[in-house]
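Here is a relaxed walk through a protein fold for someone meeting it for the first time. Have a look at the structure, then read on.

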Amino acid sequence: SPPLVVGMGPAGLFCALILAENGYRPVIIDRGDRISDRVKAVERFYTERSLDPESNIQFGAGGAGTFSDGKLLTRINDPKCAYVLETFRRFGAPDEITLKAKPHIGTDILRYVVDNILTEIERLGGEVIYRCKLTDIERIAEDNIAVKTTKGDFTCSALVLALGHSARDTYEMLIKKHWDQQKTY
């Protein structure tokens, strides 16, 4: 069974991309929507004060940074930084971000880059599922994990939790699950 990546922020995107580039055909899920739908939901919130609790500034493709101004605040001296910037460039960011001390691509370009990364994951055999919230995890065998979501159950060979800081309900589920398991031993 394929690996499952939970979360489409930077950590989830890069994890799923690397897995896909290495032939693993990951499934990547997020409780929120694709960028175009998130933009509409955020505009609705600003104009009508109608909050979509699952797809908003915090949740959905690209993570919270999708609604930043596109500043790439990185550990510029970290060797992995060049990989991240080169990957952004490869998926549509301007060449200059690989040269500048304080790279900046802007929100519109960042959204385009995120869409391109997700498209590449699918092109390489991965699957991208929106509006799919993790609700439970259970190890069913040494090499398989059962995952319950709002879009059904998955079995995966590896599970990557690339949750944003706002996924408090998911963190609560994980803490409670750990606490309940500790009580049974």
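## Helix α4

Let's start with helix α4, which covers residues 107-123. Its 17 residues reach 24 Å from the first C-alpha to the last, close to the 24 Å expected at 1.5 Å a residue. Keep in mind that this is a predicted model. Right after α4 comes G125, whose phi is positive, near 100°.

Which residues of α4 are buried? They are T107, L110, R111, V113, V114, I117, L118, E120 and I121. An α-helix has 3.6 residues a turn, so residues three or four places apart point the same way. And what do the buried residues of α4 pack against? Their partners are helices α1, α2 (35-48) and α3 (79-90), together with strands β2 (27-29) and β3 (127-129).

## Two nonpolar cores

The largest nonpolar core has 27 residues. Within it, F88, I117, L118 and I121 touch the most other members. Helices α1, α2, α3 and α4 are the elements that give two or more residues to this core. Another core, of 16 residues, lies apart from it, and its members include V6, L134, I145 and A167. In soluble globular proteins, nonpolar side chains tend to be buried together.

## A20 in helix α1

Now for a single residue. A20 sits in helix α1, which spans residues 10-21. Is A20 buried or exposed? With a relative accessible area of 3%, A20 counts as buried, because buried means under 20%.

Leaving out residues up to four places away in sequence, A20 touches R25, P26, I121 and L124. One of these, I121, is also among the buried residues of α4. As for R131, this residue is 111 residues from A20 in sequence and 21 Å from A20 in space, C-alpha to C-alpha.

## The parallel sheet

Four strands make an open sheet in the order β3-β2-β1-β7, with parallel pairing. β3 and β7 (159-161) are at the edges with a single partner strand each, so one side of each has no neighbour in the sheet. From one strand to the next, the twist averages 15°.

Inside this sheet, β1 (residues 4-6) and β2 pair in the parallel sense over three bridges. There, V5 stands opposite I28 in β2. Helix α1 lies across β1, β2 and β7, and runs at about 165° to β1.

## The antiparallel sheet

There is also an open sheet of three strands, ordered β4-β5-β6, with antiparallel pairing. β4 and β6 are its edge strands, each pairing on one side only. Neighbouring strands here are turned by 20° against each other on average, direction ignored.

β4 (residues 134-141) and β5 pair over six bridges, and they form a hairpin with two residues between them. One bridge links R139 to I145 in β5. On to the next pair: β5 and β6 (residues 152-156) are joined over five bridges, and they form a hairpin with two residues between them. In this pairing A146 stands opposite T155, while K148 has D153 as its bridge partner.

## The two faces of β5

Which way do the side chains of β5 (residues 144-149) point? They alternate: I145, V147 and T149 point to one face and are buried, whereas N144, A146 and K148 point to the other and are not. I145 also belongs to the core of 16 residues.

Definitions and conventions
Residues are numbered from 1 along each chain as its sequence is written. This is a predicted model: local features need pLDDT of at least 70, side-chain atom pairs count only at pLDDT 80 or more; totals for chains, interfaces and linings use all residues. Side-chain values use heavy atoms; hydrogens and water are left out. Buried means under 20% relative accessible area, exposed over 50%, partly exposed in between (1.4 Å probe, protein chains only). Contact means heavy atoms within 4.5 Å. The expected span of a helix is 1.5 Å times one less than its number of residues. Two strands pair if DSSP finds at least two bridges between them. A nonpolar core is a set of buried Ala, Val, Leu, Ile, Met, Phe, Trp, Tyr and Cys residues joined through side-chain atoms within 4.5 Å. Axes are lines fitted to C-alpha atoms, for helices over the stretch in contact, and angles run from 0 to 180 degrees between N-to-C directions.
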